Every structure is written in structure tokens, then in C-alpha cells.
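Subject: Structure handover

Hello,

Here is the structure you will be taking over. Please open it beside this email and follow along.

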Amino acid sequence: DFNDAKQTSNIIPKGTLAKVRMTIRPGGHDDASQGWTGGYATRGTTGSVYLNIEYTVLEGPFAKRKVFGMIGLYSPKGPDWANMGRGLVRSMLNSARGISDKDNSPQAQAARRISGFGDLDGLEFVARIDVGTDSNGDDKNDIRTAVTPDHREYSALMGSVAATPAAASPQFSSAPATGGRPAWAQ
């Protein structure tokens, strides 16, 4: 008799904060005019273009759990999806590089620039895990925002991050706003 057995759920509770590593699952779609190179982007059946992402929880009670999602780059319906994608990437970069969202210094601006999608592959940041629904209407985890140093739990979750990441590390491009960045990131 299994009537009193507890139901199991693979859902991480909504609002959980966790350090994650982002991995881009290449879709093979390139459009050099948009700065989409390296085969990272995926083109969907509707004509939308996105990054197919796998997030792996690195620490805590949900370590090694995976959350799958998309970062919008283009939608034939209009700019909203791409703008949400840009906002998500900005919050991820802020989290990974220890930058306050309010910081508009030249170093912070340089740290928010990428030279291509390869710069995002393997990025580690603190995510706020949400619960949404999949195409079948079932619950699934989702990541819609990253937690920045302004949050009181950031330091405990992220560990140490360089105070001036743009100046301290050559991996961040300090290219001017008109060059060296994909069109979608400008």
C-alpha cells in the first residue's frame, strides 16, 4: 500500500538563492551581422533566436541539480524578449564580477562588456531560482534574475570576488561601446 508514501518533487523551491554555473548548449546558429558567432545561438521553429542554457547548482542542499532555460536574443514578435535577455545577461555579469547594478564607473561598464557568447559559457553567479511551467503545464525551475552584491546574502553565497574585476582581470573587454561587442549587447 503506497497511499501514505510522500510524493517526490524535483522542483527547487521558489526564491531559493544558489551559486550556479551557466553552460551554453550550442545550437549552431550564427549571424555575424548580429555578432552571433561560434555556433552558440539556437534558432527556434518560430524564427526566434536564443541561447539554450543549462545552469548547474554548485553548492548547498541542491548541489549538482540542473535548471534549464533560454536567454532571448531575437523574436519576430518584437524587441521585448531580446530586451529581457539583455537584462538577464547584465544581472549575471554584475553577479559574476561583483558589480553593483548602480555602479556606472568605467570599470563597471567594462566588466559588463563581452567579446562574444563564449565569455558567458562557464560563468558562475548567484541566481534566484523561480518556478514556472513547461509546455505541458507542469512545474519547472527557471532562472530569471541574478543576485548582485547589493543583496545581503550575496557574499555568503558567492564567496570572494575581485573588488575591481575589470581592472584586475584581462578577460574583460574594455572595448568602446561601438566595437568589439555583438550588436545585441550594445
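The side chains of K14 and D130 form a salt bridge, with 3.7 Å from N to O. Please keep in mind throughout that this is a predicted model. The salt bridge links distant parts of the chain: K14 sits in the segment before β1 (17–24), D130 belongs to strand β6, and 116 residues separate the two. K14 is exposed, at 62% relative accessible area, whereas D130 counts as buried, at 14% relative accessibility. Which residues are linked with K14 and D130 in a network of salt bridges? They are D142 and R144.

Other salt bridges

How many salt bridges are there? The count comes to 8. Side chains of opposite charge can pair when their charged atoms come close.

One of the salt bridges joins K19 and E124, whose closest N and O atoms are 3.9 Å apart. K19 lies in strand β1 and E124 in strand β6, so this pair ties together parts that are 105 residues apart in sequence. Is K19 buried or exposed? K19 counts as buried because its relative accessibility is 13%, and buried means under 20%. E124, at 25% relative accessibility, counts as partly exposed. K19 also has V57 to look at: the C-alpha atoms of K19 and V57 are separated by 6.0 Å, while the two residues are 38 residues apart along the chain.

Another salt bridge is formed by the side chains of R90 and D101, at 2.8 Å from N to O. R90 is in helix α1, and D101 is in the loop between α1 and α2 (106–111), 11 residues apart. R90 counts as partly exposed at 32% relative accessibility, and D101 counts as partly exposed at 37%.

The aromatic pairs

A search of the whole structure gives 2 aromatic pairs. One of them is formed by Y55 and F125, with 6.1 Å centre to centre and 85° between the planes. The arrangement of Y55 and F125 is edge-to-face, because planes over 60 degrees apart count as edge-to-face. Y55 lies in strand β4 (residues 49–57) and F125 in strand β6 (residues 124–133), so the pair ties together parts that are 70 residues apart in sequence. Both Y55 and F125 are buried.

Strand β4 and its partners

Strand β4, which holds Y55, deserves a paragraph of its own. Of the 9 residues of β4, 8 are buried, so this strand is largely enclosed by the rest of the structure.

Which strands pair with β4? β1 pairs with β4 in the antiparallel sense over 5 bridges. Here M22 has Y55 as its bridge partner in β4. Strand β3 (residues 36–43) also pairs with β4 in the antiparallel sense, over 3 bridges, and R43 has V49 as its bridge partner in β4. β3 and β4 form a hairpin with 5 residues between them. In the turn of this hairpin, G47 has a positive phi of about 95°. Finally, β4 and β5 pair in the antiparallel sense over 8 bridges. In that pairing, N52 stands opposite M70 in β5.

The largest pocket

M70 comes up again in the largest pocket. The volume of this pocket is about 490 Å³. The pocket is lined by 19 residues, and those closest to its centre are F68, G69, M70, K140 and D142. D142 is also part of the salt-bridge network described above.

Which elements supply at least two residues of the lining each? They are β5 (66–74), α1 (80–97), β6 and β7 (139–147). β5 gives the most, with 5 residues. By type, the lining divides into 7 nonpolar, 7 polar and 5 charged residues.

To go over the main points in the viewer, begin with K14 and D130 in their salt bridge, then find Y55 and F125 in their aromatic pair. After that, follow β4 to its pairing with β5, and finish at the largest pocket, where β5 gives the most to the lining.

Regards

Note on methods: Residues numbered from 1 in each chain as written. Predicted model: local features only at pLDDT ≥ 70, side-chain atom pairs only at ≥ 80, totals over all residues. Heavy atoms only, no water. Phe/Tyr/Trp six-rings, centres within 6.5 Å; stacked < 30°, edge-to-face > 60°. Helix = DSSP H or I, 4+ residues; strand = E, 2+ residues; numbered from the N terminus. Buried < 20%, exposed > 50% of the residue type's maximum accessible area, 1.4 Å probe, protein only. 1 Å grid on protein atoms, 1.4 Å probe; cavity = no way out; pocket = protein on both sides within 12 Å on 5 of 7 lines; lining within 4 Å. Points joined across faces, edges and corners; volume = space filled by probe spheres on them. Nonpolar A, V, L, I, M, F, W, Y, C, P; charged D, E, K, R; others polar. Salt bridge = Lys/Arg side-chain N within 4 Å of Asp/Glu carboxyl O. Pairing = 2+ DSSP bridges.
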